[in-house]
Amino acid sequence: MLYIKILLSLIFLFCCQVYAQEIIVSKVECLDSDISARTNPLFDINGDPCALVKINLVVPDVEFEGNIIKKIPKKGQYWVYMVGGSRALTINHSLLLPCKIDFKDYGISKLKEKVTYSVTLKVPSELYSSLLASKNIEEPVKYDSEKEDLLADSIKVLMDELKYDEAFILAQRGEAEGSVVSTHLLAVMYYNGYGTEKSESLGHKYCAISAENGYPASQRIYGLDFINARGCLEDEEEGVRWLELAAQNNDADAQACLGEIYSEGWGRIDPDLTKSFKWTRNSAEQGNVYSQEQMAFKYVEGIGVHKDNRKANEWFRRAIDNGSITACANLGISYREGEGVPVDYKEAERLFLRGVELGDAYAACLLGHLYTWCLRDEKESLKKALVWYEKASDMGSEKATEFLLDEYSGNSVLGVSKNSDKAAFYRNRLNKLRETSND
């Protein structure tokens with residue numbers, strides 16, 4: 001009989017070890033710039049304001065022990081209001097071992113009234129799905145873009161008006177109420193220091209919440225955080241995973257990023273020209289002007305697709321219609337060289353002029369070249385060429401500045417006289433432009 005009791009006890013202890021696993025404490029910190037405890041206050045039985053501990057854990061049926069005033073479940077969090085001066089908190093779940101947090105172990109002697117704290121917890125990955133399923137709780141929901149969010153709209157208006165302090169308070173309120181867009185905007189404000197102290201770690205934290213709730217812009221930014229090690233450790237594979245989630249949710253900028261990453265590879269991500277072409281095209285079809293330019297270059301160079309100057313020109317036109325600065329120059333070159341279209345110097349001239357109007361120094365340089373070599377038989381063409389090379393140099397073109405240096409050094413194509421002072425001027429300008437380009 002004693003043997004059977006011992007055996008049953010051993011079996012019980014073994015089962016406890018199998019099923020009752022530990023909660024892992026990843027981080028405990030004081031959120032000095034998070035004013036949720038002040039904007040959403042609760043009070044203890046003596047009427048004193050509470051401290052607020054935000055528990056980052058997406059698991060149902062979690063209970064807390066300590067000087068607890070109230071527990072409020074949120075999306076991806078629990079808000080636990082505690083009496084000021086509290087020094088410890090215990091987290092309990094029927095399938096997990098109790099987890100006691102002594103705040104002093106994390107540099108916090110005791111919780112202060114009206115101050116917000118953050119506790120990030122993890123559970124063993126093999127138990128995560130079963131814990132969610134125990135209450136039929138699904139993975140984070142997909143963001144419904146058609147749902148009206150008046151609070152988020154108000155935050156955007158305030159940000160547009162540069163009223164960041166007011167926008168920050170509203171964003172915190174929206175995040176507390178579970179607004180996905182407000183949470184995204186709160187992350188943006190932490191990233192940039194709008195209305196609060198700049199904090200990449202807090203930006204990453206709130207971006208994670210809105211990303212996990214399916215907001216495409218947050219998924220993109222969250223992915224780029226992992227790629228650029230902003231607010232987190234570098235992890236290219238995790239970054240690409242989030243970018244692809246955003247891309248699948250039709251975020252054109254995420255699609256453009258994937259097109260670039262797969263074009264030449266990034267860290268541990270190998271190049272994949274087929275994927276690069278696919279994501280660039282998807283982004284371009286949605287009107288992303290950079291991707292439209294890249295689609296044109298892919299057809300020009302035959303990257304991930306057969307060379308096709310005609311299709312390249314079609315994409316240059318679409319980019320021009322969408323406001324591209326550089327596409328004017330590139331389509332103009334096609335007309336100058338007869339690539340995919342008949343040679344037409346006048347059309348090239350028109351496109352280069354349009355590029356200059358948009359501020360493209362390269363287009364101004366191309367006008368100089370056009371008047372030098374292609375429209376040279378026209379009266380005053382060389383004078384026009386000199387004017388446009390000087391204009392391009394003034395706009396910051398190294399190529400035009402180098403050409404003018406040669407002209408005034410006695411190697412003239414345009415027939416200008418040697419001029420040591422002007423040569424010295426353009427030599428000095430060229431050196432400065434090269435120094436700037438190397439910075």
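**Exercise 1. Starting from the fact that leucine 89 stands opposite isoleucine 101 in β7, work out which strands are joined here and in which direction they run relative to one another.**

Solution. The model is a predicted one, and the pairing is read from its backbone bridges.

Step 1. Besides the leucine 89 and isoleucine 101 placement, a further pair can be located, since the bridge partner of threonine 90 in β7 is lysine 100.

Step 2. These pairs belong to the contact between strand β6, residues 88–93, and strand β7, residues 96–102, which are joined by five bridges and run antiparallel.

Step 3. The connection between β6 and β7 is a hairpin, with two residues between the strands.

**Exercise 2. Place the hairpin in its sheet, and explain why one side of β3 and of β7 is left without a neighbour.**

Solution. Step 1. The sheet is open and has three strands in the order β3-β6-β7, with antiparallel pairing.

Step 2. Because β3 (63–65) and β7 stand at the edges and each has a single partner strand, one side of each remains without a neighbour in the sheet.

Step 3. From one strand to the next, the twist of this sheet averages 20°.

**Exercise 3. Describe the open sheet of five strands, stating its order and its kind of pairing, and determine which helix lies across β2, β5 and β8.**

Solution. Step 1. The order of this open sheet is β1-β8-β2-β5-β4, and its pairing is mixed.

Step 2. The edge strands are β1 (24–30) and β4 (68–74), each of which pairs on one side only, while the twist averages 20° from one strand to the next.

Step 3. Within this sheet, strand β2, residues 51–56, runs parallel to strand β8, residues 116–122, and five bridges join them; lysine 54, for instance, has serine 118 in β8 as its bridge partner.

Step 4. The helix sought is α7, residues 200–212, which lies across β2, β5 (77–82) and β8 and runs at about 55° to β2.

**Exercise 4. Tyrosine 190 and tyrosine 206 form an aromatic pair: characterise its geometry, and say which parts it ties together.**

Solution. Step 1. The structure holds 11 aromatic pairs, and the one formed by tyrosine 190 and tyrosine 206 has a distance of 5.7 Å centre to centre and an angle of 5° between the planes.

Step 2. Planes under 30 degrees apart count as stacked, and the pair of tyrosine 190 and tyrosine 206 is accordingly classed as stacked.

Step 3. Since tyrosine 190 lies in helix α6 (residues 180–192) and tyrosine 206 in helix α7, the pair ties together parts that are 16 residues apart in sequence.

**Exercise 5. Find how many cavities of 30 Å³ or more the whole structure contains, and identify which element gives the most to the lining of the largest cavity.**

Solution. Step 1. A search of the whole structure returns one cavity of 30 Å³ or more, and the volume of the largest cavity is about 40 Å³.

Step 2. The residues that line the largest cavity are Ala256, Gly259, Glu260, Thr280, Tyr290, Ser291, Gln294 and Lys298.

Step 3. Two elements, α10 (252–264) and α12 (289–301), give two or more residues to this lining, and α12 gives the most, with four residues.

Step 4. Sorted by class, the lining of the largest cavity has two nonpolar, four polar and two charged residues.

Note on methods: Residues are numbered from 1 along each chain as its sequence is written. This is a predicted model: local features need pLDDT of at least 70, side-chain atom pairs count only at pLDDT 80 or more; totals for chains, interfaces and linings use all residues. Side-chain values use heavy atoms; hydrogens and water are left out. Two strands pair if DSSP finds at least two bridges between them. Axes are lines fitted to C-alpha atoms, for helices over the stretch in contact, and angles run from 0 to 180 degrees between N-to-C directions. Contact means heavy atoms within 4.5 Å. On a 1 Å grid over the protein atoms alone, a cavity is a set of points where a 1.4 Å probe fits but cannot get out, and a pocket is an open set with protein on both sides within 12 Å along at least five of seven lines; lining residues have an atom within 4 Å of a point. Grid points are joined across faces, edges and corners, and a volume is the space filled by probe spheres set on the points. Ala, Val, Leu, Ile, Met, Phe, Trp, Tyr, Cys and Pro count as nonpolar, Asp, Glu, Lys and Arg as charged, and the others, Gly among them, as polar. Rings of Phe, Tyr and Trp (its six-membered ring) pair if their centres lie within 6.5 Å; planes under 30 degrees apart count as stacked, over 60 as edge-to-face and the rest as tilted.
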